Amino acid sequence: WLKQAGIFPRLLPFFQFPGTSPCLEAHYLQLPVLSSSNLPSKMPESTILKEYIKNGDVVGICVSGGLDSKTVALRLRLAGVKVKCFTADIGQPDEDDINDVVKKMAPCGVETVVVDLKDEIAEGAFEAVACKGSYDGGYWQSTGIGRYVTARGLLKAMKKQGCTVLSHGATGRGNDQVRFERYVNVLDPDFKVYAPWRDPALLEEFPGRSQMLAYLQKHGIGHQIISQEKKRYSTDANICGLSNEAEDLESMETPMTIVNPVMGVWPKDAPDTTEEVTLKFESGRCVELNGKKMTPLEMLQACNKIAGRNGIGLSQALENRILGTKSRGVYEAPGMELLGQAVTYVYQAVLDRRATGLFETLSKHVSDQIYDGRYFDPSTRAAITAIWQMAEPCHGTVKLGLFKGHAFFLSLVDVPHSIYFEADSSMEASEGLNPVSSQGYLEVSSVEAKALAKAGLIDDSSMWAKRRRTA
């Protein structure tokens, strides 16, 4: 009944954004299409849109070419609002040609600008790898990175085109409404933000996708909802990776293997032989792959291909959303996972114990901030700056073996600032650390240990059993 009432689609917090796949168009729902005669004769008026018209505002709409994008663009234009459409090219692996978005939006009578942000998102990926900024369950935040890159890039483009309002397609239940609006707020406090799916008038007018289809049909605009019965989940994608969520994946009894990888293969389908890969790092950044110098964009593209075909970078998590709910996701990020594992070995050789502890604290802060839509906040910038400072001496060449979903260590060479010395760590007799010299350290350490014992501050019982007795 939810489907028939047109309510179910509104329960899904995944709408089209610039640079994402047309998520809901690929859903398996078979929704009835209303005829134009069944549409209300008079559409509800939006006080928000009336205000834009009165002020002469120009609304820049973030579009993907999907049903929501077409509906919003046409509705605003016909209401008398000045509109221009924008989409981001952030290397979507599930998009054959980003310029198709322009063609899809053209029947709505709107101009669509494609903004190339591939270099920017590749740099975002490099920074996240250097910060080891993965989120719950090892999720490399392809969406979080994509949102700040897209918001910053499209906002600049909109301002050049004379826009005064940014319109996004996020619903009131997900993370993206927070990310998009906060980024606009911090980058330009005077720039307005419009959320059509929080506008009461549009929610009343388009309670479901059936009404959207009928609205487009009434104005001679076609739109086809692709039914993929084998793919019952939503996908958000860019060059950093893919995030798959919703529908069948919402049940914890559904295996993650229902997802069809786009950037690679499941480990069982990877080659039966090990592929060796060599990555050279300078100051925490990968500059060479198998002896070839590459830009961040070229490096990410190549690592996606190599790691993907070996089943690297597939994971699942119950992530903690900004609003406090949990969301299950199945993720792909082959290139970032490969780079992240490789740079870890360099960090292990160069960073001392206290530096490593500080790095991990800063890394978690950066990760949380990216997820929460706070990439440009002062504390985020300070943490990233500190991490780049610690990464400054982190040079080295790592060789890994890739085999059916695993990336295992083969060698680490050319690390001029390594504090690992075999002689000091050896269990055999060597010219390194003299075992006898440890006696003084242990005698000093014993002073505190004995004082704690004498003061009765040491408890050697089972804490679990103790809790059960006092419960």
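At what angle do the axes of α12 and helix α13 cross, and within what distance do they come? The axes cross at roughly 140 degrees and come within 9 Å. Those two numbers are the usual shorthand: two packed helices are described by the angle between their axes and the distance between the axes. Here axes are lines fitted to C-alpha atoms, for helices over the stretch in contact, and angles run from 0 to 180 degrees between N-to-C directions.

A quick word on the ground rules. This is a predicted model, where local features need pLDDT of at least 70 and side-chain atom pairs count only at pLDDT 80 or more, while totals for chains, interfaces and linings use all residues. Residues are numbered from 1 along each chain as its sequence is written, and side-chain values use heavy atoms, with hydrogens and water left out.

**The helix pair**

Helix α12 covers residues 353-371 and α13 covers residues 378-391; helices (H or I, at least four residues) and strands (E, at least two) are DSSP runs, numbered from the N terminus. The crossing of α12 past α13 is left-handed, which is to say that the near helix is turned anticlockwise from the far one by less than a right angle (clockwise would be right-handed). On the α12 side the contact includes Leu358, Phe359, Leu362 and Val366, and on the α13 side it includes Ala383, Ile384, Ile387 and Met390; contact means heavy atoms within 4.5 Å. Sorted by type, the residues of this contact come to 10 nonpolar, 5 polar and no charged. In that tally Ala, Val, Leu, Ile, Met, Phe, Trp, Tyr, Cys and Pro count as nonpolar, Asp, Glu, Lys and Arg as charged, and the others, Gly among them, as polar.

**Salt bridges**

The structure has 23 salt bridges, each a side-chain nitrogen of Lys or Arg within 4 Å of a carboxyl oxygen of Asp or Glu. Here are some of them, with the distance between the closest N and O atoms:

| Acid | Base | Closest N and O atoms |
|---|---|---|
| Asp368 | Lys364 | 2.7 Å |
| Asp377 | Arg374 | 3.0 Å |
| Asp459 | Lys466 | 3.0 Å |

Asp368 and Lys364 both sit in α12, 4 residues apart, about one turn of the helix. Lys364 is exposed at 53% relative accessible area, whereas Asp368 is partly exposed at 23%; buried means under 20%, exposed over 50%, and partly exposed in between (1.4 Å probe, protein chains only). Asp377 is buried at 9%, and its partner Arg374 is partly exposed at 31%.

**The sheet**

Four strands make an open, antiparallel sheet in the order β6-β7-β12-β11. Its edge strands are β6 (234-238) and β11 (314-320), each pairing on one side only; two strands pair if DSSP finds at least two bridges between them. Neighbouring strands are turned by 25 degrees against each other on average, direction ignored. Between β7 (residues 241-245) and β12 (residues 326-332) there are 4 bridges, and Ser243 stands opposite Tyr331 in β12. Helix α6 (residues 142-160) packs on this sheet, touching β6 and β7, with its direction at about 60 degrees to that of β6.

**A loop residue**

Val415 belongs to the loop between β14 (406-413) and α14 (422-425) and is buried, at 16% relative accessibility. Leaving out residues up to four places away in sequence, Val415 touches Ala349, Val350, His395 and Gly396. Cys394 is 21 residues from Val415 in sequence, with 7.5 Å between their C-alpha atoms.
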